[in-house]
Amino acid sequence: ADNGANNTEENVSDNNEADAANSEYSSGDASYVIEAGIGLNNQHPQYEGLLRFKEIVEEETDGDVYVETYHSSQLGDDREMMEALQLGSQEVTIPSTAPVTNFVDEYAILDFPFLFANEEVAMEVLNGEMGDELLDSLEDQEMVGLAWWENGYRDLTNSTQPVETAEDFQGLTIRTMENEVHLEAFSELGANPTPMAFGELFTGMQQGTVDGQENPLATIYLEGFYEVQDYYSDTNHVYSPFVFLMSKSFYDSLPDDYQELVGDAAQEAGEFQIEQNRAQNEEMLESLIDEGMEHSEVTDEAREEMAEIVQPVNDQFAEQLDQDFVERFFQAVEDAEEM
Ligand code: TK8
């Protein structure tokens, strides 16, 4: 299957035409225009979620707030788009939380490997007090966190060898997100982690700059990574949330009722995105095998061994964060697990 995976010029113009056709409104008639960009392509449930946000906001304001949607890192990578939000030159982006660590230290805790036992525990914590606190902490960084969306459990792919156990990571050059926890964890496993923006990843794998990468199943399939990767391992090593961010200067410029409206829309579109995402993640494994990837099954024992090896990394980063926050966070995880 050709998913139109990469960031070709063609995709870019297709997208903008499709957007214009999708909407009965136009930016020219709107009092407020939201430029919203994501890193993944327009096949991914994240983009469907963004289109849902657009639909809700435009309908409920009768076109007074118009949303322009961009995908495939057209407006930059996660980090660049967050910087644009701070400057007020872009209004919305929905990064994985990993690169948010470059703005707010406490976000590092979300990337501790094997932290959340399942998606329900993650949702419980994120939609509870700790999640609210993390969203609020972005205000100092000129961003407003409006909702949690879901990227999902991350799995490993590579072009070199089947990876089933912790030992199999030895010597693999793995692209990681720009996040210290990920870097240290993969080093601890004996791999050579190489941080890289998501938009450069496909080419990086194609040219052999990296042997492998890690992302949820939907990304691996919908971005066509199977074209350049032979081995898939269901490591499930970390749960990756998305966080829906708005530029604070833009948010502050909105009247109160519009502020409430965009918050509710981000939440509602997120619920839709999460539903789509989980359904897709389930379907994608078969599709990857059909495309010729070899599936290496990682046992619970192997995962436990990986978790033990990276535990010192979690401990080291936990020590560097605010201790009261860390304690309350782990308590929230425990409470969620007991529900
Ligand atoms: C897309 C990224 C991506 C993330 C990564 O903007 O960088 O690997 O998983 O989904 O946020």
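Three short exercises on a predicted model follow, each with a worked solution.

**Exercise 1. The ligand shell**

Task: State which residues surround the ligand, then sort the shell by class.

Solution:
- Start with the shell. The ligand is surrounded by G39, L40, D78, S96, N151, R154, R175, M177, F198 and N215.
- Now sort by class. The shell has three nonpolar, four polar and three charged residues.
- Gly counts as polar in this scheme.

**Exercise 2. Polar contacts and burial**

Task: Find the distances from oxygen atoms of the ligand to polar atoms of G39, N151 and N215. Then say how much of the ligand the protein buries.

Solution:
- The cut-off for a polar contact is an N or O pair within 3.5 Å.
- Take G39 first. Its backbone supplies an N or O atom at 3.5 Å from a ligand oxygen.
- Next, N151. An N or O atom of its side chain is 3.0 Å from an oxygen atom of the ligand.
- Then N215. A polar atom of its side chain lies 2.6 Å from a ligand oxygen.
- Turn to area. The ligand taken alone exposes 310 Å², and the protein buries 98% of that.
- Finish with the site. The largest cavity holds the ligand.

**Exercise 3. Placing D230**

Task: Locate D230 in the fold. Is D230 buried, partly exposed or exposed? How far is D230 from Q43?

Solution:
- D230 is in the loop between α8 (217-222) and β8 (231-247).
- Buried means under 20% relative accessible area, and exposed means over 50%.
- D230 has 39% relative accessibility, so it counts as partly exposed.
- D230 and Q43 are 187 residues apart in sequence. In space, their C-alpha atoms are 22 Å apart.

Technical notes: Residues are numbered from 1 along each chain as its sequence is written. This is a predicted model: local features need pLDDT of at least 70, side-chain atom pairs count only at pLDDT 80 or more; totals for chains, interfaces and linings use all residues. Side-chain values use heavy atoms; hydrogens and water are left out. A residue is near a molecule or strand if one of its heavy atoms lies within 4 Å of it. A polar contact is a pair of N or O atoms within 3.5 Å; within protein, one must be able to donate a hydrogen and the other to accept it, and residues adjacent in sequence count only if both atoms are side-chain atoms. Accessible areas come from the Shrake-Rupley method with a 1.4 Å probe; for residues, only the protein chains shown count as cover. On a 1 Å grid over the protein atoms alone, a cavity is a set of points where a 1.4 Å probe fits but cannot get out, and a pocket is an open set with protein on both sides within 12 Å along at least five of seven lines; lining residues have an atom within 4 Å of a point. A molecule sits in a cavity or pocket if more than half of its atoms lie within 2 Å of its grid points. Helices (H or I, at least four residues) and strands (E, at least two) are DSSP runs, numbered from the N terminus. Buried means under 20% relative accessible area, exposed over 50%, partly exposed in between (1.4 Å probe, protein chains only).
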